[in-house]
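The following note sets out a series of points for a colleague who is reading the coordinates. Each point takes up one region and may be checked against the display.

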Amino acid sequence: MIGSIRNPSGFALSFLLISLAILYTFIPSVSAEVDSVFKSRPDLYPPVLTLEHRNPDKLSPGYIFVGPYEAANSGPYIYDDEGNLVWSGWGNSGPGNAHGMHVCQYQGKDHLCFFQGVQQNGYCRGHGVIMDSNYRIVRTVVPGGGMASSDMHEFKPINDGKTALLTVYQQRQFDMSLWNVKTGMGWLMESVFQEVDVETNEVLFEWKSLDHVDPSAAYTWPSHTDTSGTGLDPRSPWDYFHINSIDKNSEGDYLISSRHTCAIYKISGQDGSVIWQLHGANPSFKNINFSFSQQHDARFLSENATHTLLSLYNNGFNGFNRTHDYSSGMIILIDHRDNTATQLLEYAPPGKNMISSSQGNLQVLPNGNAFIGWGNNAYISEHDEQGNILLWGYIDKDRIMNYRAQKFQWEGNPTDVPAMWTYAKSSETYAPTTFYVSWNGATRVKYWRFYGAQNATGPFMLIKQVAKDGFETSYTAGEFYQWTYAEAVDVEGQVLGKSRNLFTFVPSAELQNFCATDACENAQSYGMPNEEGAGPAIPPAGIITVPWVDPGRPDTLYDWGQTEQSEGEEKEAEAHSSDKTYNNVGWIAPGFGFLVTVAAIYTIHRVYRRRQQDLSRVKERASTEHLDQMERAPHSVEADELPWWHWRRFVGRQLPRYTPLTEGQGSAWQQGGHIER
């Protein structure tokens with residue numbers, strides 16, 4: 001250090017390095033992905049949806065449905081139009097990536113439908129998934145015909161979910177000598193689409209590109225792009241067609257988009273023939289004021305005998321060849337009378353400066369607005385009918401991609417219970433307690449009620465009801481509560497679900513110095529600050545480090561929370577149990593009444609008979625014996641004097657005793673003297 005001070009050049013260098021280090025601390029770090037962090041659900045870290053522009057008064061109602069991939073938590077996601085997470089389907093939907101999630105009809109109810117599978121080079125292998133409003137998978141759909149599994153580009157249930165449209169990418173051997181593959185077998189990727197029965201997976205209709213569109217119509221050649229394939233082996237087939245959407249009209253015909261022929265085709269539902277072709281090589285119509293290339297997501301909007309109105313997303317770029325300055329959504333009107341096609345409306349990005357080399361979609365909403373997913377640029381936007389931007393945002397600016405983004409109204413009622421975590425810096429009476437609560441996928445929650453107690457068994461008191469705020473709502477109470485739970489409440493005040501009863505986290509005295517009042521952030525390293533070479537410590541075995549475990553009260557841990565559904569099921573079970581109990585024991589009351597009646601009649605009858613017998617004996621003895629003799633007469637044991645269990649107590653009258661004739665002639669009946677000789 002002294003030497004560097006004496007050396008002017010060394011001092012200058014040190015000063016420069018220190019200055020750069022200080023400057024670096026003020027420069028925001030560049031991250032390829034920004035994830036949300038939730039204290040109540042630390043297992044979830046979905047991409048943050050950042051909204052740069054929003055006009056809430058003109059937005060269409062509904063939620064935003066996306067399927068980001070190449071993310072830390074790739075999967076299907078639902079956000080609201082304020083950018084808040086509503087549902088993370090990561091893991092819950094299955095392994096791999098989820099593409100094209102949308103609300104579909106199945107058996108008369110709203111469901112979530114999407115493709116789930118494994119990413120390949122420009123396509124996927126997987127199956128279609130139908131998930132109910134409780135986020136349970138109720139059906140998976142696969143293609144038939146002895147070929148590959150379905151592909152990501154389309155899975156669309158139609159006809160109330162009775163049938164589904166899906167794409168298949170199938171390798172095929174092909175003579176590619178015209179493409180200079182002359183020393184052996186060539187390989188093509190054939191684009192196939194099917195309409196299948198959802199319940200049985202029976203193929204109802206199938207179309208194969210090689211049967212109707214020759215490979216010479218392609219604008220993407222072997223080894224041309226990163227996804228075109230070489231055509232030299234089945235692991236790298238030449239993808240000459242690249243189907244990326246299917247739609248069907250009311251007359252049973254289909255509309256498909258081919259990226260690599262830069263064309264839209266209307267396909268006959270009768271024989272699979274091409275009815276007409278928009279754009280590409282040998283088109284059926286003359287384009288008046290537009291062109292497109294590498295397009296995606298062609299949809300019927302309306303159709304009659306003279307006109308067809310459709311929508312599509314124009315990429316204008318494939319990563320290698322660029323035909324447009326920017327990508328856009330297009331509304332195109334085809335006039336079948338003069339065979340012309342005219343662009344009626346264009347939905348452009350801000351400043352017309354975004355170009356997407358792959359993926360993307362355009363969805364026309366019920367109120368006339370349009371919703372766009374910008375493909376490999378993971379941006380989303382909403383536009384009014386004039387094309388003005390009402391919403392603009394992004395999931396990520398760098399690495400994450402999103403195949404489609406769409407908007408739908410949706411009601412989700414998860415079978416899971418609300419998740420909560422509570423924290424207090426200390427256990428002093430007036431130490432604040434902070435609640436963090438969320439319920440993944442629940443759309444009806446408007447308020448949260450927070451409860452607290454000092455013991456696991458209560459009594460719990462209502463602390464506060466607060467409005468739901470985003471995916472995770474937090475609230476800080478002014479006092480310490482050792483045990484807590486939360487209730488989810490809808491707009492009408494009905495309780496939708498209850499969290500588990502939770503033990504509040506309180507840091508140890510050693511840890512408190514590094515924690516805040518409302519939370520304790522992650523440790524940055526082992527040991528104390530500036531402690532070099534610190535590693536994990538190993539405490540002795542057998543000590544108690546889990547504060548909420550009470551060996552004397554293990555029942556306090558058996559709490560799984562509650563949902564509105566489970567409450568209903570519990571009430572139904574109670575009602576069923578009551579009916580069953582009545583059916584099993586309902587005879588007891590009338591049976592008991594019958595027995596009481598019989599006993600009463602029997603008792604009255606016994607008292608009456610006894611009095612009659614006593615009176616009769618007194619009269620007979622008075623006529624033959626003196627009173628003192630009657631007192632000394634042998635005493636007969638009456639039934640009432642016997643033990644309760646003796647059989648004679650249950651006989652209506654005193655039984656006579658049989659005496660053999662040898663013991664006294666003419667005295668066959670004795671003991672009572674009421675039979676005359």
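1. The model under review is predicted. A suitable place to begin is a side chain that reaches a neighbouring backbone: a polar atom of the Gln295 side chain lies 2.9 Å from the backbone oxygen of Ser258. The same side chain also has a polar atom 3.1 Å from the backbone oxygen of Ala263.

2. The setting of Gln295 deserves attention. Gln295 belongs to the loop between β17 (286-287) and β18 (296-303). Is Gln295 buried or exposed? Its relative accessibility is 0%, and since burial requires a value under 20%, Gln295 counts as buried. Beyond four places in sequence, the residues that Gln295 touches include Asn244, Ser257, Ser258, Arg259, Cys262, Ala263 and Ile264. Leu312, Tyr313, Asn314 and Asn315 are also among the residues in contact with Gln295.

3. Ser258 and Ala263, whose backbone oxygens were named above, fall within two paired strands. Strand β14 covers residues 254-258 and strand β15 residues 263-267, and the two pair in the antiparallel sense over five bridges. Within this pairing, Ile256 stands opposite Tyr265 of β15.

4. These two strands are part of an open sheet of four, with the order β13-β14-β15-β16 and antiparallel pairing. The edges are occupied by β13 (243-248) and β16 (274-278); each has a single partner strand, so one side of each has no neighbour in the sheet. From one strand to the next, the twist averages 20°.

5. Which kind of link joins β13 to β14? The two form a hairpin with five residues between them, and Gly252 in the turn has a positive phi of about 95°. Their pairing is antiparallel and extends over five bridges, with Ser245 opposite Ser257 of β14. Although β13 is an edge strand, five of its six residues are buried, so β13 is largely enclosed by the rest of the structure.

6. The largest nonpolar core has 24 residues, and those touching the most other members are Phe193, Trp207, Phe241 and Ile256. Two or more residues come from each of β10 (163-174), β11 (186-197), β12 (203-208), β13, β14 and β15. Another core, of 20 residues, lies apart from this one and includes Ala71, Phe371, Leu390 and Ala405.

7. Phe241 illustrates the surroundings of a member of the largest core. Leaving out residues up to four places away in sequence, Phe241 touches Trp207, Val213, Ile256 and Tyr265, among others. Its contacts also include Ser191, Ser209, Ser258, Arg259, His260 and Thr261. Ile256 therefore appears in two roles: as a contact of Phe241 and, by its bridge position, as the residue opposite Tyr265.

8. His383 is a second buried polar side chain to inspect, and its place is in strand β24 (residues 379-383). With 0% relative accessibility, His383 counts as buried. Its side chain and that of Ser381 are joined by a polar contact of 2.8 Å. Outside four places in sequence, His383 is in contact with Tyr347, Ala348, Asn369, Ala370, Ile372, Trp374, Asn388, Ile389 and Leu390. Of these contacts, Leu390 is listed within the core of 20 residues.

9. Strand β28 (residues 433-438) has six of its six residues buried, so this strand is largely enclosed by the rest of the structure. Which residues point each way from β28? Thr433, Phe435 and Val437 point one way, whereas Thr434, Tyr436 and Ser438 point the other way. Such an alternation between the two faces of the sheet is what a regular strand shows.

10. Two partners of β28 can be named. Strand β27 (residues 419-424) pairs with β28 in the antiparallel sense over six bridges, and Thr422 has Phe435 as its bridge partner. Strand β31 (residues 472-477) also pairs with β28 in the antiparallel sense over six bridges, with Tyr436 opposite Ser474.

11. The final point concerns Leu462, in strand β30 (residues 461-467). With a relative accessibility of 45%, Leu462 counts as partly exposed. Beyond four places in sequence, Leu462 is in contact with Arg449, Phe450 and Tyr451. The C-alpha atoms of Leu462 and Thr484 are 9.9 Å apart in space, while the two residues are 22 apart in sequence.

Terms used: Residues are numbered from 1 along each chain as its sequence is written. This is a predicted model: local features need pLDDT of at least 70, side-chain atom pairs count only at pLDDT 80 or more; totals for chains, interfaces and linings use all residues. Side-chain values use heavy atoms; hydrogens and water are left out. Two strands pair if DSSP finds at least two bridges between them. Axes are lines fitted to C-alpha atoms, for helices over the stretch in contact, and angles run from 0 to 180 degrees between N-to-C directions. A nonpolar core is a set of buried Ala, Val, Leu, Ile, Met, Phe, Trp, Tyr and Cys residues joined through side-chain atoms within 4.5 Å. Buried means under 20% relative accessible area, exposed over 50%, partly exposed in between (1.4 Å probe, protein chains only). Contact means heavy atoms within 4.5 Å. A polar contact is a pair of N or O atoms within 3.5 Å; within protein, one must be able to donate a hydrogen and the other to accept it, and residues adjacent in sequence count only if both atoms are side-chain atoms.
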